[in-house]
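Biologist: Before planning any work at the bench, I should like to go through this protein with you. Could you show me the sequence and the structure?

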Amino acid sequence: MNLYYAPAACSLADHIALIEADVRFKLIRVGRDKQTEDGRDFTSINPKGYTPALELDDGTILTENLTILLYIAETTGKLLAKNGLDRWRAIEVTNFLTTEIHKNFLPFFNPNAADPEKDKAREALELRFATVSEQLGDKVFLVGDGMSIADAYLYVMLMWAALNQIGVSETLTAYAERMKVAPSVSRALVEEGLA
Ligand SMILES: N[C@@H](CCC(=O)N[C@@H](CS)C(=O)NCC(=O)O)C(=O)O
């Protein structure tokens, strides 16, 4: 299995999940020029042109972060409750992270975005992170007793928040510090050259 990734991009969530679920995989870095580190045109692998993309052993390509995270969880039986409300809460919050939080970071990655656009996005992000913080409360993980796909994604969003001076609660800051030293997260950070 190959994970096409860019360092510190949202693909870091899949990277963490693959390690946490004990999957054997190879990392293939994709540059800003859409060339893979082994010299291929990434758009011929994922015509959408963005990471993450997961290449299964039979060559099938899966895209979209939520889908890849669910695929890892379903095929390994890890990182997602098999039934009950925790399963739906984990999917619910992961979808919230991708549609309501991830997307609001776009102005911070756009060198042409004007300050008012960034201010609006910052306000939206701070509101949404507050919602997630309430959901976390005094728990160790977002949903249930162990790390789920939602935690892998939330860690990356909090890393972006810190890099872009987005205000988050002390609860979320402490959570990010704990996650950072989890074995799967610290290994992923080292493998992406971020440690
Ligand atoms: N809808 C996609 C969005 C993925 C995405 O935003 N990827 C970013 C990195 S976090 C990317 O590769 N951007 C480069 C580009 O779009 O050219 C998903 O949920 O997986």
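Modeller: The exchange below concerns a predicted model, and takes up its sheet, its helices and its charged pairs in turn.

Biologist: In what order do the four strands of the open sheet lie?

Modeller: The sheet is open and its pairing is mixed. Neighbouring strands are turned against each other by 25 degrees on average, direction ignored. Read across the sheet, the order is S2-S1-S3-S4.

Biologist: Which strands stand at the edges of this sheet?

Modeller: An edge strand here has a single partner strand, so one side of it is left without a neighbour in the sheet. Two strands fit this description: S2 (26-29) and S4 (61-63).

Biologist: Which residue in S2 stands opposite Tyr 5?

Modeller: Strand S1 covers residues 2-5 and is joined to S2 by four bridges. These two strands run parallel. Opposite Tyr 5, in S2, stands Arg 29.

Biologist: At about what angle to S1 does helix H1 run?

Modeller: Helix H1, residues 11-20, lies across S1, S2 and strand S3 (53-55). Its direction relative to S1 is about 150 degrees.

Biologist: Which strands does H2 touch where it packs on the sheet?

Modeller: The direction of H2 makes about 120 degrees with that of S4. The strands that H2 touches are S3 and S4.

Biologist: Is Thr 63 buried or exposed?

Modeller: Thr 63 is found in strand S4. Not counting residues up to four places away in sequence, Thr 63 touches Asn 46, Lys 48, Pro 52, Ala 53 and Ile 68. Its relative accessibility is 15%, and the cut-off for burial is under 20%. Thr 63 therefore counts as buried.

Biologist: With which side chain does the side chain of Thr 63 make a polar contact?

Modeller: Lys 48 is among the residues that Thr 63 touches. The polar contact joins the two side chains at 2.8 Å, and the partner is Lys 48.

Biologist: Turning to charged pairs, how many salt bridges does the structure hold?

Modeller: Side chains of opposite charge can pair when their charged atoms come close. One such pair is Arg 122 and Asp 119, whose side chains meet at 3.6 Å, N to O. The number of salt bridges in the structure is seven.

Biologist: Which helices hold Arg 87 and Glu 74?

Modeller: The side chains of Arg 87 and Glu 74 meet in a salt bridge at 2.4 Å, N to O. The pair links distant parts of the chain, 13 residues apart. Arg 87 is buried at 15% relative accessible area, whereas Glu 74 is partly exposed at 46%. Arg 87 lies in helix H3 (residues 85-101), and Glu 74 in helix H2 (residues 65-76).

Biologist: How many residues apart are Glu 100 and Arg 128?

Modeller: Glu 100 and Arg 128 meet through their side chains in a salt bridge of 2.9 Å, N to O. This pair also links distant parts of the chain, with Glu 100 in helix H3 and Arg 128 in helix H5 (residues 115-136). Glu 100 is partly exposed at 29%, and Arg 128 is partly exposed at 23%. Their separation in the chain is 28 residues.

Biologist: Which helix holds both Arg 122 and Asp 119?

Modeller: Arg 122 is partly exposed, with a relative accessible area of 24%, and Asp 119 is partly exposed, with 46%. The two are three residues apart, about one turn of the helix. The helix that holds both is H5.

Methods
Residues numbered from 1 in each chain as written. Predicted model: local features only at pLDDT ≥ 70, side-chain atom pairs only at ≥ 80, totals over all residues. Heavy atoms only, no water. Salt bridge = Lys/Arg side-chain N within 4 Å of Asp/Glu carboxyl O. Buried < 20%, exposed > 50% of the residue type's maximum accessible area, 1.4 Å probe, protein only. Pairing = 2+ DSSP bridges. Axes fitted to C-alpha atoms, helices over the stretch in contact; angles between N-to-C directions. Contact = heavy atoms within 4.5 Å. Polar contact = N/O pair within 3.5 Å; in protein donor to acceptor, adjacent residues only side chain to side chain.
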